[in-house]
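Please look through the model shown here and work through some questions about how its chains are built and how they meet.

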Amino acid sequence: MAEYQTFEHDVLVIGAGGAGLRAAIEASAAGVNVGVVSKSLLGKAHTVMAEGGMAAAMGNVDDRDNWRVHFADTMRGGQYLNNPRMAEIHAKEAPARVRELEAWGALFDRTGDGRILQRNFGGHRYPRLAHVGDRTGLELIRTLQDHGIHQGIQFHMEMTIVTLLVNAGRVVGAFGYDRERGRYALFHAKAVVLATGGIGRAYKITSNSWEYTGDGHSLAYHAGATLLGMEFVQFHPTGMIWPPSVRGILVTEGVRGEGGILKNNQGKRFMFDDIPANYKSQTADNPEEGWRYTQGDKNARRPPELLTRDHVARCINREVKEGRGSPHGGVYLDIAWIKEKLPNAEEHIKRKLPSMYHQFKQLGDIDITKDAMEIGPTTHYVMGGIKVEAESQMTDVPGLFAAGECGVGLHGANRLGGNSLSDLIVFGKRAGEYAAQYAKDNTAASVDKAQVDEVAQKALEPFGRSGESPYQVQHDLQDLMQDLVGIVRRQEEMERALEGILKLKERARHVGVGGNREYNPGWHTSVDLNNLLTVSEAVTRAGLERKESRGAHFREDYPSKDETFGTFNLAIRKGPDGSMQVTHDPLVPMTEEQKQIIEEMK
Amino acid sequence: MANATFRIWRGDSSGGKYQDYTTEISEGMVVLDAVHHIQAEQANDLAVRWNCKAGKCGSCSAEINGMPKLMCMTRLNTLPLDQPITIQPMQTFPLIRDLVTDVSWNYKVKQGIRKLKPRKPDAPDGSWRMQQSDVDRPQEFRKCIECFLCQDVCHVLRDHHKHDEFIGPRFLIYTAQLEMNPIDADDRLGDLRREQGIGFCNITKCCTKVCPESITITDNAIIPLKERVVDQFFDPLGKLFRMFRSGS
């Protein structure tokens, strides 16, 4: 019989980033009892790292902007594999969600006439990103945290969920442990919201924090929910490269938004040589026009450095592969050059990009006001995730909701920068709202104690074994995914990856840890491994099945877009025999109005 | 390849000791990298809190050779490597294990500080108008990553253990940010003076010295708040002026 403490909540939110906190705030405002579980301390979720801003069509800097343009930009960026209903809701509701943050204490940068300032970003036709310096993620999470702590929400910090509990066809709670003491906890809840973020820790080079082990994706999958679009992993083009300890850490797109340019080792601005057909009419064809765009000239078109991330990442990858890269295997990102254009360039850069300046000075010994940065692609975001219904964010499992990066639908095959922070607040709010309603409409269901005992016992098995270190298995998985399921994919390599993953799964079953349950990171890693392996298998299987290139998924053996693949999402479900099944699920169709908007904005 | 020795505190609230670990070091490494190598290769159960590795989340606070610092932002080439580098947990909070401390007191304190009370919106769409110059100062305070290094180093908490009477530098800038928010309509000066113990701060400025975000805690937040408290409660002319203004 397992020993555990039991907590009763109406709504349990798993994850305390932007989406989780926004959901918890909305659910508690609806009057239900809310508990939030987070692996790290409150206020320190990965949201804290987001730099660029939150996209909302408020029209404060360019009044030509409105929800229709935002909707079209999001769909175009996603190569039309998005859920159009989610894209419409997001574009319409983001402005209200952003303004609400101000009422809760957020202090954004201002326009000359005192309104919230908005900046340019890749893939957005007009300056749309509300921001504060280059630390908008911190601003978001702190605002939600400072508002949320007065709402009567119970925060369970530094706790990890090991499994969701499902009984009689619906979710009834979750089971986990506290990291500090290693004691088990049973959460009995009427509705559960997953807001666990992404999967970056499955790769060697990533901008993601340690928490991003795909927990929500794996928990949902094993509970019977559907995953969609797992082949679409975004590799952000600009991550730090040198020294090795900082490899992967993000360099915000905002640097390019402020005029930063990309050069190869011949000093050439290579992005001008490769502008995709569907963006030609919106992209500058000379450096002068590109510069004017970044300085707010409404008649200028964006520089090619601000094309979508998948395209820029591939171009950088190509430059490096073909021998035109920088000394440590990347290309150059240069913002210092703007001193040719602005008299007070040094001060301007420090004011607009303070944490970039700080990050490079402290960790890389480089002064970005004087020298170029070496950057290269880094695993950054997963567009794919848990399938949800657009309005309510409920998954295929009754009572189970998902919001934020762990959900799917808004971003399609490629996410635009700035659309994640707004995703969190728009759909976090809806998930909380509908989870609260579900809790009000349904009585609590009972937990299967035998299931709990089984899980509790299994999780402790590594203590009894003198096996391989879980860190080694994790390390090998990260190398495998980095090499075989990265930016440029091939059939043979992904098949090898699949074989490799199955072998790693076997190794994971035999890992051993020393010490005891108290704050034991080795033990925690052995538990996280299962999630990492599940999502890695999902990404690889989906990557194999999509035999075309679209958005962030690029196949060297199928380098073009194939219209037949443009009509479905790849769905992943757990079969009755426990194996991972991949099917083609039709897209959510666009309405006539939505189709018209897309046409207008071409 | 060069090696370096790290003297790391191992133990919990019932006791412990420093243990030496030697590991390979390379160019550009930070202290947290070394701790990770040691954790992976020599001490699987070494308890350490970390998250972003880029100085943004405030999780990896520790005392390195006696100085409160973030482990992920402390480059090895800024430390003397010919002797062991001592890493101990923050001393001002109860120890959980090894390098992890119980910082929950900070979360309780924050809940006791009155939240933002916005005034009526300036525009029909429910938004406010603020100039950049109005928000520059509170924005500085909102850069805080809640690493709690300032709390750790403040002698009022660290040496005099006045956790029940003094909220510490982190929450003094939190209060300052609320008081200076252009749309706030509340008044926290009474709380600062009484329950929150602003009088205990004697402007030693150790907090400012350790802040990884370079927030000018004492000069820009604590001193202005002290001045406001003094104006409100101790200025006889001010009292007179307010009496007349409120119309007796």
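The questions and answers below go from one chain to the contact and then to sheets and domains.

This is a predicted model, in which local features need pLDDT of at least 70 and side-chain atom pairs count only at pLDDT 80 or more, while totals for chains, interfaces and linings use all residues. Residues are numbered from 1 along each chain as its sequence is written, and chains are lettered from A and ligands numbered from 1 in the order in which they are written.

Q: What percentage of the residues of chain B count as buried?
A: Chain B has ten helices and seven strands, where helices (H or I, at least four residues) and strands (E, at least two) are DSSP runs numbered from the N terminus. A residue is buried if 20 or more other C-beta atoms, placed from the backbone, lie within 10 Å of its own, exposed if 12 or fewer, and partly exposed in between. Of the 248 residues of chain B, the share that counts as buried is 45%.

Q: How many of the twelve residues of α6(B) are buried?
A: Helix α6 (residues 168–179) of chain B reaches 16 Å from its first C-alpha to its last, close to the 16 Å expected at 1.5 Å a residue, the expected span being 1.5 Å times one less than the number of residues. The buried residues of α6(B) include R170(B), F171(B) and Y174(B). The helix α6(B) is mostly covered, and its buried residues number eleven.

Q: Which element gives the most residues to the side of chain A that touches chain B?
A: Two residues are in contact if their C-beta atoms, placed from the backbone, lie within 7 Å, and the contact takes 46 residues from chain A and 47 residues from chain B. On the side of chain A, the elements that give two or more residues are α3 (84–103), α4 (136–148), α10 (354–364) and α15 (521–545). With four residues, the element that gives the most is α4(A).

Q: Which strands are the edges of the sheet β11-β14-β13-β12 of chain A?
A: Two strands pair if DSSP finds at least two bridges between them, and in this open sheet of four strands the pairing is antiparallel. β11(A) and strand β14 (residues 373–382) of chain A pair over six bridges, and the bridge partner of Q234(A) in β14(A) is Y381(A). The strands that pair on one side only are β11 (233–240) and β12 (261–263) of chain A.

Q: Why is one side of β15 and of β20 of chain A left without a neighbour in the sheet?
A: The open sheet has the order β15-β10-β19-β20 in chain A, with antiparallel pairing, and two bridges join strand β10 (residues 227–228) of chain A to β15(A). In that pair, L227(A) stands opposite I386(A). One side of each is left without a neighbour because β15 (385–386) and β20 (580–586) of chain A stand at the edges, each with a single partner strand.

Q: What distance separates the centres of domain 1 and domain 2 of chain A?
A: The domain assignment, whose bounds come from an automatic or database source, gives domain 1 (4–234 + 380–449) and domain 2 (235–379) of chain A. The contact takes 26 residues from domain 1 of chain A and 26 residues from domain 2 of chain A. Taken over C-alpha atoms, the separation of the centres of domain 1 and domain 2 of chain A is 29 Å.
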